[in-house]
Amino acid sequence: MKRKIGRVGLLAIFLLMIMTLMKVQATKYEPYQFEPGSWIKYKVSADSNATETPPLVEETNKIEWIKFILKNTAESSVTLLKVTKFKNKTQMEEYCKVDLFTGSGIEIPVIIASNLGTGDYIFNSSETSNPPQIKETIWGNILGVRREINVAFHTEYFDPFGDNKADLQFFWDKETGILCLCEILNWELIKGGAKVFTLWRMELIDKSDNLWNEDETSKITGIVVAAVITIPIIIILAKKLK
C-alpha cells in the first residue's frame, strides 16, 4: 500500500533542497575581487632533528622572502607573479595561474576561494583527491588587524603503517582567501627505528594596504592564531631527538 507524503514530509524535502542549494552556492570557488597589483609577502623557514641537514632545510633557509603580486582574477582563478628573494641578493620570478576549483597551478595554496565556511573543501572534492576541509572559523590578529580566519588540518600518509607522513595545518583570511600561515611537519622513520622530524613554515609578514585596513583597536603585530603543531614540535626539535 502506497503511503502519501504529508505536508510535513513535503516541507522537510523542500528544506533539504534549500539547504543543498545553499551548500552548492557556498562552494562556487570564486576569487576575491583583488585590485590588480595587490601583493602579499611571506617568510619561510625550516628546521629538522636529522643528523645531516635535509636538502629542504638547506634550500628553504637560503630564501629571504617570497612575494606574490596579483595580476588578475577570472571566474575561478587568480594569476600571480611569484618573486623569490634570496639571501645572496638574487631574485627569481615566475607566473602562476591558480585554479581555485582544482588547486592546480601552485604548490602551496596561498590563495583559496573567498568566504569558504566550516565543512567546505578548499578545492572541489570531485576534482582533487582528498583535499583538506575547513574545520572551523576563528578570530585572530593578522598583521595587527582582527580578522576571521579559516582553519584546516590535514594528514598525508606515505606508507600503510603511518610511519612516514606529513601533518599540514593552514590558516587563511576568510574574506580574501589569502594564506596567513602554513606549517608542514614531515615524519620519517629511518634505519634503526629513529624518527626524523622536519618542520617547514610559511608566514605572512606584509601586504599591500588595499587588502584590509589597520584596526585601531588591535595593535598586535604579526600573526596570532591557535597553532596546533608549532609549539610541541619546536620543543621536539630543540631537544634534537635521535
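Let us start with a single residue: Asp173 is buried, with a relative accessible area of 1%. The cut-off for calling a residue buried is under 20% relative accessible area, so Asp173 qualifies. Keep in mind as you look around that this is a predicted model.

Where does Asp173 sit in the chain? Asp173 belongs to strand S7, which covers residues 165-173. Leaving aside residues up to four places away in sequence, Asp173 touches Arg147, Glu148, Ile178, Cys180 and Trp212. Find Thr137 as well: Asp173 and Thr137 are 36 residues apart along the chain, and 9.5 Å separates their C-alpha atoms.

Now move along to Glu175, in the loop between S7 and strand S8 (179-189). Is Glu175 buried or exposed, or something in between? With a relative accessible area of 33%, Glu175 is partly exposed, because that class lies between the 20% limit for buried and the 50% limit for exposed. Not counting residues up to four places away in sequence, Glu175 touches Tyr32, Ser114, Asn115 and Arg147. Arg147 is therefore a contact of Glu175 and also appears among the contacts of Asp173.

One of those partners deserves a visit. Asn115 is 60 residues away from Glu175 along the chain, yet the C-alpha atoms of Glu175 and Asn115 are separated by 4.9 Å. Asn115 lies in the loop between S4 and strand S5 (136-142) and counts as partly exposed, at 44% relative accessibility. Its backbone has something to show too: phi of Asn115 is near 60°, a positive value in a residue other than glycine. Lys89 offers another example, with a positive phi of about 80° although it is not a glycine. You will find Lys89 in the loop between S3 and S4, where it counts as exposed at 60% relative accessibility.

Time to step back to the whole chain. The protein has 3 helices and 10 strands, and from the N terminus on, the elements run α-β-α-β-β-β-β-β-β-β-β-β-α. Of the 242 residues, 43% are buried. Among contacts with a separation of 6 or more, 53% join residues 24 or more positions apart. On the outside, the protein exposes about 14100 Å², and carbon and sulfur atoms supply 55% of that area.

What about the inside? The largest nonpolar core has 48 residues, and those with the most contacts inside it are Tyr42, Phe68, Leu80, Val110, Ile111, Leu179 and Met202. Met202 makes a good place to look: its contacts include Tyr42, Phe68, Val110 and Leu179, and also Lys43 and Cys180, not counting residues up to four places away in sequence.

Finally, consider the empty space. Rolling a probe the size of a water molecule over the atoms shows where such space is left. The largest pocket holds about 770 Å³ of space. Of the 37 residues that line this pocket, Ile106, Glu107, Ile108, Pro109 and Trp200 are the closest to its centre. Which element gives the most to the lining? S4 does, with 4 residues. Other elements that each supply at least two residues include helix H2 (55-60), strand S6 (145-157) and strand S9 (195-207). By type, the lining residues divide into 23 nonpolar, 9 polar and 5 charged.

How values were computed
Residues are numbered from 1 along each chain as its sequence is written. This is a predicted model: local features need pLDDT of at least 70, side-chain atom pairs count only at pLDDT 80 or more; totals for chains, interfaces and linings use all residues. Side-chain values use heavy atoms; hydrogens and water are left out. Buried means under 20% relative accessible area, exposed over 50%, partly exposed in between (1.4 Å probe, protein chains only). Contact means heavy atoms within 4.5 Å. Accessible areas come from the Shrake-Rupley method with a 1.4 Å probe; for residues, only the protein chains shown count as cover. On a 1 Å grid over the protein atoms alone, a cavity is a set of points where a 1.4 Å probe fits but cannot get out, and a pocket is an open set with protein on both sides within 12 Å along at least five of seven lines; lining residues have an atom within 4 Å of a point. Grid points are joined across faces, edges and corners, and a volume is the space filled by probe spheres set on the points. Ala, Val, Leu, Ile, Met, Phe, Trp, Tyr, Cys and Pro count as nonpolar, Asp, Glu, Lys and Arg as charged, and the others, Gly among them, as polar. A nonpolar core is a set of buried Ala, Val, Leu, Ile, Met, Phe, Trp, Tyr and Cys residues joined through side-chain atoms within 4.5 Å.
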